[in-house]
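Let's take a walk through this structure together, one stop at a time. Have the sequence and the 3D view open as you read.

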Amino acid sequence: QVQLVESGGGLVQAGGSLRLSCTASGRTFNRYAMGWFRQAPGKEREFVAAINRSGGRTYYADSVTGRFTISRDNARNTVYLQMNSLKPEDTAVYYCAAAAEYYSSQPLQTDRTYDYWGQGTQVTVSS
């Protein structure tokens, strides 16, 4: 069992930055690939970014490429999402998730790949 707790959300003006953190319980953090998803009001949950177990490979949605950076610190059981040049359309609840396994037919960009989810943190970007 893995428990995930997100933090770092808040209200920011367009063009600003935020850094989200997600800390996992337990001693098996480095066995999981990690992802960030978001869900805006009235919309489906969507993939934002993911990182493999070692941190050597990252994946991004087209909408955030060049603005967001995912990273992880396995010694601290924490994954981060640095968000720069924020836009009002980035407003959403952001969730982190942990995946024990992933394959080409079930990649990290798909939410069903993930085994554990956090409760989410609200990010609001004002125009």
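**Starting from a hidden charge**

D90 is buried, with a relative accessible area of 0%; buried here means under 20% relative accessible area, exposed means over 50%, and partly exposed is anything in between, using a 1.4 Å probe on protein chains only. Before we go on, keep in mind that this is a predicted model, in which local features need pLDDT of at least 70 and side-chain atom pairs count only at pLDDT 80 or more, while totals for chains, interfaces and linings use all residues. Residues are numbered from 1 along each chain as its sequence is written, and side-chain values use heavy atoms, leaving out hydrogens and water.

So what does D90 pair up with? Its salt-bridge partner is R38, and the closest N and O atoms are 2.9 Å apart. (A salt bridge is a side-chain nitrogen of Lys or Arg within 4 Å of a carboxyl oxygen of Asp or Glu.) R38 sits in strand β4, residues 33-39, while D90 is in the loop between β8 (78-83) and β9 (92-99), so the bridge ties together parts that are 52 residues apart in sequence. Strands, by the way, are DSSP runs of E with at least two residues, numbered from the N terminus. R38 is buried too, at 6% relative accessible area. The pair also belongs to something wider: R38, E46, R67 and D90 are linked in a network of salt bridges.

**Other charged pairs**

How many salt bridges are there by this rule? The count comes to six. One of them joins E101 and R53, with closest N and O atoms 3.8 Å apart. E101 is in the loop between β9 and β10 (116-117) and R53 is in the loop between β5 (46-51) and β6 (58-60), so this pair ties together parts 48 residues apart in sequence. Both ends count as partly exposed, E101 at 45% relative accessibility and R53 at 28%. D73 and R76 make another salt bridge, at 3.2 Å between the closest N and O atoms. Here D73 is partly exposed, with 24% relative accessible area, whereas R76 counts as exposed at 57%.

**Four strands side by side**

Now look for the open sheet of four strands, in the order β1-β3-β8-β7, with antiparallel pairing. Two strands pair if DSSP finds at least two bridges between them. β1 and β7 stand at the edges with a single partner strand each, so one side of each has no neighbour in the sheet. At one of those edges, β1 and β3 pair in the antiparallel sense over four bridges, and E6 stands opposite C22 in β3. β1 (residues 4-7) has two faces: L4 and E6 make up the covered one, V5 and S7 the uncovered one.

T78 is a good place to pause. This residue lies in strand β8 and is buried, with a relative accessible area of 6%. What does the side chain of T78 reach? It reaches the backbone oxygen of R76 at 2.8 Å. The side chains of T78 and T23 are joined by a polar contact of 3.2 Å, meaning a pair of N or O atoms within 3.5 Å where, within protein, one can donate a hydrogen and the other accept it, and residues adjacent in sequence count only if both atoms are side-chain atoms. Just before T78 comes a backbone oddity to look at: N77, in the loop between β7 and β8, has a phi near 55 degrees, a positive value in a residue other than glycine. N77 counts as buried, at 16% relative accessibility. S85, in the loop between β8 and β9, also has a positive phi, near 50 degrees, but counts as partly exposed at 40%.

**Into the core**

Last stop: the largest nonpolar core. In soluble globular proteins, nonpolar side chains tend to be buried together. A nonpolar core is a set of buried Ala, Val, Leu, Ile, Met, Phe, Trp, Tyr and Cys residues joined through side-chain atoms within 4.5 Å. Of its 38 residues, L4, M34, W36, L81, M83 and Y94 touch the most other members. The elements giving two or more residues are β3 (18-24), β4, β5, β7 (68-73), β8, β9 and β11 (121-126), and β9 supplies the largest share, six residues. Zoom in on M83: leaving aside neighbours within four places in sequence, its contacts (heavy atoms within 4.5 Å) include L18, L20, F68, Y94 and V123. R67, a member of the salt-bridge network, is also in contact with M83.
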